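Please open the model in your viewer and keep the selection panel at hand. The tour below moves from one selection to the next and says what is found at each stop.

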Amino acid sequence: MDIHEYQAKEVLANFGVAVPDGALAYSPEQATYRARELGGDRWVVKAQIHAGGRGKAGGVKVCDSDVEIQEATEGMFGQKMVTHQTGPEGKGIYRVYVEAAVPINREIYLGFVLDRSSQRVMIVASAEGGMEIEEISAEKPDSIVRATVEPAVGLREFQCRQIAFKLGIETGMIQQMVRTLQGCYRAFTELDATMVEINPLVVTTDNRVIALDAKMTFDDNALFRHPHVAELRDKSQEDPRESRAADRGLNYVGLDGNIGCIVNGAGLAMATMDTIKLARGEPANFLDIGGGATPERVAKAFRLVLSDTNVQAILVNIFAGINRCDWVAEGVVQAMKDVGVEVPVIVRLAGTNVEAGQKILAQSGLPIIRAATLNEAAERVVGAWRNDLSQGTKMGVAS
Ligand code: GDP
Ligand code: MN
């Protein structure tokens, strides 16, 4: 799960990381009076979306007056902002963060990630802040400083000092750098984050070390342990298909193709996507309905896949161990009757209660295409989809 910049700053501040004074606004009027509350004579207004690259896209504006804040934020609220991280559809701006502007001397890149090969938290830093890490690694790879943390002892002060020295931090500010690094590390580990990124971490002209931007991502599977983090979720920033699935306890990832997949087990779901690709089709999603799925759950999964307007054919592939083919078949039939499915549906069932399942499908009177093997199912779903396309209609299921 991603959170907004202003939320990440609040989280990190609780772990001792210095951040600018700031206040959240939901309208241009509120932005101006929140700026007045903050005081000072220069502010930065920042569009809150779950993506970086806002600076280049006009989502970060330095303002010197009420009028400038009003104008800058009027151009933000309600707009879809497209940055190189959002994809072409962009993300809606519904919140703006107003901060007291900070006089920057140096910008530093600082990231905490999980390094799978060393199985450690890895710190990645560079004196070339302000640029994205991808650009830094392409253009100034030698500037990147890396350090891994031994989990049994945690992030030691000497490691932090080493990183600070390598970044060329002046002696008088090393202690602030140590505090920042340790704060981020503690936030990362104690809250089950998978990523903390501060870009830029700045050294100000008056020698303070401040996180000017902040990004945090959390492990969804650990959110139950951190209700205060789970509360920070903002569905307006998520793929609506994925939020609907998460709300229904389904493992779903939206993709760009046209063939909807309803499968049990992550491994089988991956194999099903591969087989569709081999048959020269493109999956519209990854969906794992899990074990012991009731007819209601299967029907929910079916409705979810159908709510994606890109879906032009559906493949149900179940290898029932804990699951029951008859329940899956009931779910499919129930959903098709409720929703009025207009796209070809191919069902391949194997395992527990398969005969009962096949019987339910056969007696339903619905135009369900049945397949015996995974290959056959993939060939058939891609064939049915192409056939429909060539007829220029979504109807015409050959049963
Ligand atoms: P991003 O583009 O989405 O990563 O947004 P950032 O929060 O990183 O802001 C982009 C850039 O705006 C930063 O790299 C800074 O150069 C600039 N910026 C942000 N806040 C301030 C500020 O308080 N003062 C000044 N002078 N520049 C700022
Ligand atoms: Mn940034």
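Begin by selecting strand E14 (residues 259–263) together with E16, which pair in the parallel sense over five bridges; two strands count as paired if DSSP finds at least two bridges between them, and strands (E, at least two residues) as well as helices (H or I, at least four) are DSSP runs, numbered from the N terminus. This is a predicted model, in which local features need pLDDT of at least 70 and side-chain atom pairs count only at pLDDT 80 or more, while totals for chains, interfaces and linings use all residues. Residues are numbered from 1 along each chain as its sequence is written, chains are lettered from A and ligands numbered from 1 in the order in which they are written, and side-chain values use heavy atoms, with hydrogens and water left out.

Within this pair, look for Gly 260, which stands opposite Ile 314 in E16. Now add strand E17 (residues 345–351), which pairs with E16 in the parallel sense over seven bridges, and find Ala 320 opposite Gly 351 in E17. Following the chain from E16, you pass through helix H12 (residues 325–339) to reach E17, and this β-α-β crossover is right-handed, a term meaning that, with the strands pointing away from the viewer, the path from the first strand over the helix to the second runs clockwise.

Is strand E16 largely enclosed or open? Seven of the eight residues of E16 (residues 313–320) are buried, so the strand is largely enclosed by the rest of the structure; buried means under 20% relative accessible area, exposed over 50%, and partly exposed in between (1.4 Å probe, protein chains only).

Next, select Cys 261, which counts as buried at 2% relative accessibility, and then Cys 325, which is buried at 0%. The sulfur of Cys 261 has its closest cysteine sulfur in Cys 325, 18 Å away, which is too far for a bond. A disulfide is a pair of cysteine sulfur atoms within 2.5 Å, and by this rule the count is zero.

Move on to the manganese ion (ligand 2), whose protein donors are Asn 199 (O) and Asp 213 (OD), lying 2.2 Å from the ion. Donors are N, O and S atoms within 2.8 Å of the metal (3.2 Å for Na, K and Ca), and sites may look incomplete because water is not among the atoms. Asn 199 belongs to strand E10 (residues 193–204), whereas Asp 213 sits in the loop between strand E11 (209–211) and strand E12 (215–218), 14 residues apart. Both of these donor residues are buried.

For another sheet, select E1, E6, E2 and E3, four strands that form an open sheet in the order E1-E6-E2-E3 with antiparallel pairing. Its edge strands, E1 (22–25) and E3 (60–63), each pair on one side only. Four bridges join E1 to strand E6 (residues 96–100), and Ala 23 stands opposite Val 98 in E6. Helix H2 (residues 28–38) packs on the sheet, touching E1, strand E2 (43–47) and E6, and its direction makes about 165° with that of E1. Contact means heavy atoms within 4.5 Å, and angles run from 0 to 180 degrees between N-to-C directions of axes, which are lines fitted to C-alpha atoms, for helices over the stretch in contact.

Finally, show the protein as a whole, with its 14 helices and 18 strands. Of its 399 residues, 50% count as buried.
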